[in-house]
Amino acid sequence: MATTSKRVPVLFRPAPRLLRHVLLIGAGLFMLYPLLWMVSSSFKPEELIFREPGLMPTAVTAENYTEGWDALKHSFGYYLWNSAVLTALAVLGNLIACSLAAYAFARLEFPLKKMWFAIMLGSIMLPHHVTVVPQYIVFAKIDWINTIWPIVAPKFLATDAFFIFLMVQFIRTLPRELDEAAAIDGAGYWRTFVRVILPLCVPALATTAIFTFIWTWNDFFTQNLYLTNSDNLTVPVALRQFMDSSGESSWGPLFAMSIISLGPIFGFFLAGQKYLVRGMATTGLK
């Protein structure tokens with residue numbers, strides 16, 4: 001009597017799986033190499049940074065960190081605090097305004113709803129640099145230049161259409177029976193939003209918070225445009241101060257402070273990583 005043996009699929013055989021892991025690890029190291037090189041260079045004496053391009057330094061020093069921390073007008077912690085305040089307000093503004101706008105588009109009925117939704121989506125395709133000049137003129141007329149309000153105030157007005165669309169897609173996945181049950185219990189639109197919809201939108205809110213944090217923390221162009229006073233500088237603009245007008249740079253302190261400035265981004269991303277994956281997987285952006 002002939003016996004049949006199950007064939008193991010090719011993808012699950014040991015050799016192909018090992019090969020895939022090797023390729024993935026190699027690709028990961030390739031992408032991480034610039035970061036690893038910057039970490040290594042931050043511990044090298046400045047004269048050896050470009051003379052020894054390898055990752056393993058022949059001489060190790062912590063002077064780049066101590067020198068870079070106090071190299072500018074204020075200590076680097078001062079600029080980290082400026083960025084933290086600015087970024088926290090931007091995240092808070094986007095969470096409040098974009099969630100309210102998304103709830104209105106996803107659940108409420110109002111005149112010309114489809115037209116306003118189309119205009120909102122169209123604004124995503126509008127390059128940011130197109131609106132810079134008129135926005136700058138408006139903020140200059142109300143004397144907001146050299147303050148954080150040109151960067152923070154638009155966040156509280158739901159100007160980031162991408163996050164509105166992301167949350168609209170998420171709210172649409174929630175059953176409308178929840179709204180109907182809340183209405184039977186006497187809840188109005190506001191109470192339904194706060195007590196029912198908002199707690200279920202944690203993955204989308206976390207995705208919005210993470211992306212807003214990263215984009216605002218790393219935003220050099222807007223912050224350099226509006227924050228010209230040395231007392232108001234944020235981390236991206238402060239890092240630019242390590243390079244003078246002739247193009248010469250204090251590379252060691254620059255790399256050291258760049259490593260420090262990456263810490264909050266990694267921490268914030270790792271803290272909300274599981275919510276980020278859930279949010280992207282359930283908002284129609286697959």
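This is a short tour of a predicted model, moving from one helix to several aromatic rings and then to the annotated spans.

**Stop 1: helix α7**

Start by selecting residues 161-172, which make up helix α7. This helix has twelve residues, and the distance from its first C-alpha to its last is 16 Å, close to the 16 Å expected at 1.5 Å a residue. Is α7 enclosed by the rest of the structure or open to the outside? It is largely enclosed, because nine of its twelve residues are buried. To see them, colour A161, F163, I164, L166, M167, V168, Q169, F170 and I171.

Now show the side chain of R172 together with F117. R172 lies over the face of the F117 ring, 5.2 Å from the ring centre.

**Stop 2: F43 and Y65**

Next come the aromatic rings, which form 21 pairs in this model. One of them joins F43 and Y65: the centres are 5.1 Å apart and the planes meet at 40°, a tilted arrangement. Where in the chain do these two partners sit? F43 belongs to the loop between α1 (14-42) and α2 (63-69), while Y65 is in helix α2, 22 residues apart from it. Switch on a surface and compare the two. F43 has 32% relative accessibility and so counts as partly exposed, whereas Y65, at 18%, falls under the 20% limit and therefore counts as buried.

**Stop 3: F50 and W251**

Stay with the rings and pick F50 and W251. Their centres lie 5.6 Å apart with the planes at 85°, which means that the pair is edge-to-face. This contact links distant parts of the chain: F50 is in the loop between α1 and α2, and W251 is in helix α13 (residues 251-271), 201 residues apart. W251 is partly exposed, with a relative accessible area of 29%.

Add W37 and F255 to your selection. Together with F50 and W251, these residues form one aromatic cluster.

**Stop 4: the annotated spans**

Finally, bring in the UniProt record, an unreviewed entry. It annotates "transmembrane region" over several stretches, including 21-39, 151-171 and 251-271. Select 151-171 to begin with: this span is 62% helix and 0% strand, and its end C-alpha atoms are 27 Å apart. Then select 251-271, which is 100% helix and 0% strand, with its end C-alpha atoms 31 Å apart. You have met these residues already, as helix α13 of the third stop.

Conventions. Residues numbered from 1 in each chain as written. Predicted model: local features only at pLDDT ≥ 70, side-chain atom pairs only at ≥ 80, totals over all residues. Heavy atoms only, no water. Helix = DSSP H or I, 4+ residues; strand = E, 2+ residues; numbered from the N terminus. Expected span 1.5 Å × (residues − 1). Buried < 20%, exposed > 50% of the residue type's maximum accessible area, 1.4 Å probe, protein only. Phe/Tyr/Trp six-rings, centres within 6.5 Å; stacked < 30°, edge-to-face > 60°. Lys NZ or Arg CZ within 6 Å of the ring centre and 35° of its normal. UniProt positions renumbered as here; feature names shortened; annotations may be inferred.
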